[in-house]
Each structure stands twice: as C-alpha cells, then as structure tokens.
Amino acid sequence: MHETSIIEELLAIVQRTAEENRLVRVTGLSVRAGEMRAVVPELMQEAFTVMSRGTLAEGATLEIESVPLKARCRTCRRIVRVEQFAFFCPRCGKALSEIVSGKELDLVQVTGDKGDSP
Ligand SMILES: [Zn+2]
C-alpha cells in the first residue's frame, strides 16, 4: 500500500513545519494530491490515523483535495483533462507529453497549537 510511504513523507514534513512554527500540537492538515499519485483517500486517512500515533499530529484532521490530471498537447498547445490515463489529444490524436498538473503532493496547510499561547 503506497499510501503508507506517502504518509511517512507527509509526517516528516509536518514535523519539520511544526518545529519551525513552534507548534506543540498539530490539529489539522490539508493536502493536495494529484491524480497521478493515485491515492485512495480512505487508505490515506487510515494510514494517517495509525502512523500519526505518538507524533505531534496524533488526532489531527486530514483533508485531501484531489488535483485533476491535465496535460498539454505539443502539437496544438491545447490543455487536456486526462481521464483514465488516456494520454492522447482529442483534437489531433497526438500523445500528450507534458503534464501540467496532477503530479503534485503538497502539504498546503498545517494548523496547530502553540505551547506558549495564553
Ligand atoms: Zn493536439
């Protein structure tokens, strides 16, 4: 299950972000996952719940936003929404070689508590 390695990566970034922002506890995470990553949100949630135990992010809510897969046709420069991994331009039939979006896996927001707040 590749969600496990994604969560592992994610938790490392969360840990770093929390330290940089002096958070003692992380309460919420927001992630943008491109369709190319082929993540299953339910599995992500499950892996996160298990793997965040004992970390700063234990009990935090995980929000996953899916980013559509889009590619550009080199011939007609058209940007095509790729569905079911069919990388062909509907106008000229050429292969789509340039991915515009859908590869990302970004942590867009981390919310949490600072220990020194009153
Ligand atoms: Zn084309």
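Helices and strands here are runs assigned by DSSP and numbered from the N terminus, so a loop such as the one between strand S3 (70-72) and S4, where Arg78 is found, is named by the elements on either side of it. With that in hand, let's walk through this predicted model together.

Start with the whole chain. The secondary structure of the protein chain comes to 2 helices and 6 strands, and from the N terminus on, these elements run α-β-α-β-β-β-β-β. The C-alpha atoms fill a box of roughly 60 × 30 × 15 Å along the principal axes. How does the radius of gyration of the protein chain stand against that of a compact globule of 118 residues? The globule would have a value near 13 Å, whereas the protein chain has 18 Å. Buried residues make up 20% of the 118 residues. Looking at contacts between residues at least 6 apart in sequence, 70% of them join residues at least 24 apart.

Now turn to the sheet with mixed pairing. This open sheet has 3 strands in the order S2-S1-S6. Strand S2 (61-67) and strand S6 (105-114) are its edge strands, each pairing on one side only. Neighbouring strands of this sheet are turned by 20° against each other on average, direction ignored. Strand S1 (residues 23-34) and S6 run antiparallel and are joined by 9 bridges. If you would like one pair to find on screen, take Gly28, whose bridge partner in S6 is Thr111. Helix H1 (residues 3-20) packs on the sheet, where it touches S1 and S6, and its direction makes about 45° with that of S6.

What lies inside this part of the model? The largest nonpolar core has 16 residues, and those with the most contacts inside it are Ile7, Val14, Val26, Leu29, Met44 and Ala57. H1, S1 and helix H2 (41-51) are the elements that give two or more residues to this core. S1 gives the most, with 5 residues. Leu29 is a good residue to click on: setting aside residues up to four places away in sequence, Leu29 touches Val14, Ala57, Ala60, Leu62, Glu63, Leu107 and Val110. Apart from this core lies another, of 5 residues, among them Leu69, Ala71, Val82 and Leu96.

Helix H2 deserves its own look. Its residues Met44, Ala47 and Phe48 are buried. Why do the buried residues of H2 line one face of the helix? Seen down the axis of H2, they fall within an arc of 100°, and so they share a face. The general geometry helps here: an α-helix has 3.6 residues a turn, so residues three or four places apart point the same way. The face of H2 turned away from the buried side carries the exposed residues Glu42 and Val50. As for the buried side, what covers its residues includes H1 and S2.

The other sheet comes next. This open sheet also consists of 3 strands, in the order S4-S3-S5, with antiparallel pairing. Its edge strands are S4 and strand S5 (98-101), each of which pairs on one side only. The twist averages 35° from one strand to the next. S3 and S4 run antiparallel and are joined by 3 bridges, and Lys70 stands opposite Arg81 in S4. As a general reminder, strands of a sheet pair through backbone hydrogen bonds, either parallel or antiparallel.

Two residues give a closer view of this region. Ile79 is found in strand S4 (residues 79-81). Is Ile79 buried or partly exposed? Ile79 has 14 other C-beta atoms within 10 Å, and is therefore partly exposed, since a buried residue needs 20 or more and an exposed one has 12 or fewer. Leaving out residues up to four places away in sequence, Ile79 touches Lys70, Arg72 and Val100. The C-alpha atoms of Ile79 and Val100 are separated by 7.9 Å, although these residues are 21 residues apart along the chain.

Arg78, back in the loop between S3 and S4, counts as partly exposed because it has 15 C-beta neighbours inside 10 Å. Beyond its neighbours within four places in sequence, Arg78 is in contact with Cys73, Cys89 and Arg91. For a sense of distance across the model, compare Arg78 with Val24: they are 54 residues apart along the chain, and their C-alpha atoms are separated by 47 Å.

Methods:
Residues are numbered from 1 along each chain as its sequence is written. This is a predicted model: local features need pLDDT of at least 70, side-chain atom pairs count only at pLDDT 80 or more; totals for chains, interfaces and linings use all residues. Two strands pair if DSSP finds at least two bridges between them. Helices (H or I, at least four residues) and strands (E, at least two) are DSSP runs, numbered from the N terminus. Axes are lines fitted to C-alpha atoms, for helices over the stretch in contact, and angles run from 0 to 180 degrees between N-to-C directions. Two residues are in contact if their C-beta atoms, placed from the backbone, lie within 7 Å. A nonpolar core is a set of buried Ala, Val, Leu, Ile, Met, Phe, Trp, Tyr and Cys residues joined through C-beta atoms within 7 Å. The arc is that of the directions from the helix axis to the C-beta atoms. The radius of gyration is taken over C-alpha atoms; the globule rule is 2.2 Å times the number of residues to the power 0.38.
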